[in-house]
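Open the model in your viewer and keep the selection panel within reach. We will go from stop to stop, selecting a few residues at a time.

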Amino acid sequence: MNFMYFYEFPIGKVGIAEENGAISHVFFDDTTNKPPENTEVKETPLIKLAASQIQEYFDGKRTDFDLPLTYNGTTFQTAAWEALRAIPYGELRSYKDQATAIGNVKACRAVGMANNRNPISIIIPCHRVVGHNGKLVGYGGGLSTKEYLLNLESKQKEM
């Protein structure tokens, strides 16, 4: 059974979904990111824990997440998402850096497409990837949300 529940965070309404005992989606309510099909709206203990950890992140008390995750994607997408998880809190990488990290320096655009399909925003931190010139480009929650998350991490890291 799949479950999801919505919470209000400083960036707006965010949905968190659980599938078979693991977090499967964190999505922004006002974007094209959609929850999985056949999902019941219900706050489970795991979803509540995920929401609590995300709130701790926004409160500056958490820099890493400790949750079971599940995601389905191609081998390439999965590698790209794992590379995202390796980007330390408060640090930035370019798409080229991420492509290099997965062993395919020429796959910058493919990495961008994989990041676009990241099902677990915030927890899998695709917001930490920027253009080669440091410019903010592409984010499922919108560039203002990406900027908010990066500023939050930058401020916390300075403390």
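What follows is a walk through a predicted model, from its sheet to its core and then to some single residues.

**Stop 1: the open sheet**

Start in cartoon view and colour the strands. You will find an open sheet of four strands in the order β3-β2-β1-β4, and its pairing is mixed. The edges are β3 and β4 (39–41), each of which pairs on one side only. Look along the sheet: neighbouring strands are turned against each other by 30° on average, with direction ignored.

Now select β1 and β2. These two strands run antiparallel and are joined by eight bridges. A hairpin connects β1 to β2 through two residues. To follow the register, show Phe-3, whose bridge partner in β2 is Glu-18, and then Tyr-7, which has Val-14 as its bridge partner in β2.

On the other pairing, β1 and β4 run parallel, with three bridges between them. Pick Met-4 here, and you will see Val-41 of β4 opposite.

Before leaving these strands, show the side chains of Lys-13 and Phe-6. Lys-13 lies over the face of the Phe-6 ring, at 4.9 Å from the ring centre.

**Stop 2: the helix across the sheet**

Next, select α1 (45–58). This helix lies across β1, β2 and β3, and runs at about 25° to β1.

**Stop 3: the nonpolar core**

Keep α1 on screen and turn to the largest nonpolar core, which has 38 residues. Which members touch the most others? Select Phe-9, Ile-16, Val-26, Ile-54, Tyr-57, Phe-58 and Ile-122 to see them. Among the elements that each supply at least two residues of this core are the strands β1 (2–9), β2 (12–19) and β3 (22–28). The helices α1, α2 (75–85), α3 (95–101), α4 (108–116) and α5 (143–158) do so as well. The biggest contribution is from α1, with seven residues.

**Stop 4: Tyr-57 and the aromatic residues**

Zoom in on Tyr-57 and Phe-58; are they buried or exposed? Both are buried. Over the model, the count of aromatic pairs comes to nine. Tyr-57 and Phe-58 make one edge-to-face pair, with 5.4 Å centre to centre and 75° between the planes.

Widen the selection to Tyr-5, Tyr-7, Phe-9, Tyr-57, Phe-58, Phe-65, Tyr-89 and Tyr-148, and you have one aromatic cluster.

Then go back to Tyr-57 and display what surrounds this residue. Setting aside neighbours within four places in sequence, Tyr-57 is in contact with Arg-62, Phe-65, Tyr-89, Ile-122, His-127, Leu-149, Leu-152 and Glu-153.

**Stop 5: two residues with positive phi**

One of those contacts, Ile-122, is the next selection. Ile-122 sits in the loop between α4 and β6 (129–130). Check its backbone: phi is positive, about 70°, although the residue is not a glycine. Why does Ile-122 count as buried? Its relative accessibility is 1%, and the cut-off for buried is under 20%.

Compare Asn-20, in the loop between β2 and β3. Phi is near 50° for Asn-20, again a positive value in a residue other than glycine. Asn-20 counts as exposed because its relative accessible area is 65%, where exposed means over 50%.

**Stop 6: Asn-115 and Ala-101**

Move to helix α4 and select Asn-115. With 7% relative accessibility, Asn-115 counts as buried. Show the residues around this side chain and backbone: leaving out neighbours within four places in sequence, Asn-115 is in contact with Ala-80, Trp-81, Leu-84, Tyr-95, Gln-98, Cys-126 and Val-129.

Finish in helix α3, at Ala-101. Is Ala-101 buried or exposed? The residue is exposed, with a relative accessible area of 59%. For a last distance, select the C-alpha atoms of Ala-101 and Glu-153: they are 52 residues apart along the chain and separated by 22 Å. Glu-153 is also one of the contacts of Tyr-57, so you can step from there back to Stop 4 and look around again.

How values were computed
Residues are numbered from 1 along each chain as its sequence is written. This is a predicted model: local features need pLDDT of at least 70, side-chain atom pairs count only at pLDDT 80 or more; totals for chains, interfaces and linings use all residues. Side-chain values use heavy atoms; hydrogens and water are left out. A nonpolar core is a set of buried Ala, Val, Leu, Ile, Met, Phe, Trp, Tyr and Cys residues joined through side-chain atoms within 4.5 Å. Buried means under 20% relative accessible area, exposed over 50%, partly exposed in between (1.4 Å probe, protein chains only). Contact means heavy atoms within 4.5 Å. Rings of Phe, Tyr and Trp (its six-membered ring) pair if their centres lie within 6.5 Å; planes under 30 degrees apart count as stacked, over 60 as edge-to-face and the rest as tilted. A charge sits over a ring if NZ of Lys or CZ of Arg is within 6 Å of the ring centre and within 35 degrees of the ring normal. Two strands pair if DSSP finds at least two bridges between them. Axes are lines fitted to C-alpha atoms, for helices over the stretch in contact, and angles run from 0 to 180 degrees between N-to-C directions.
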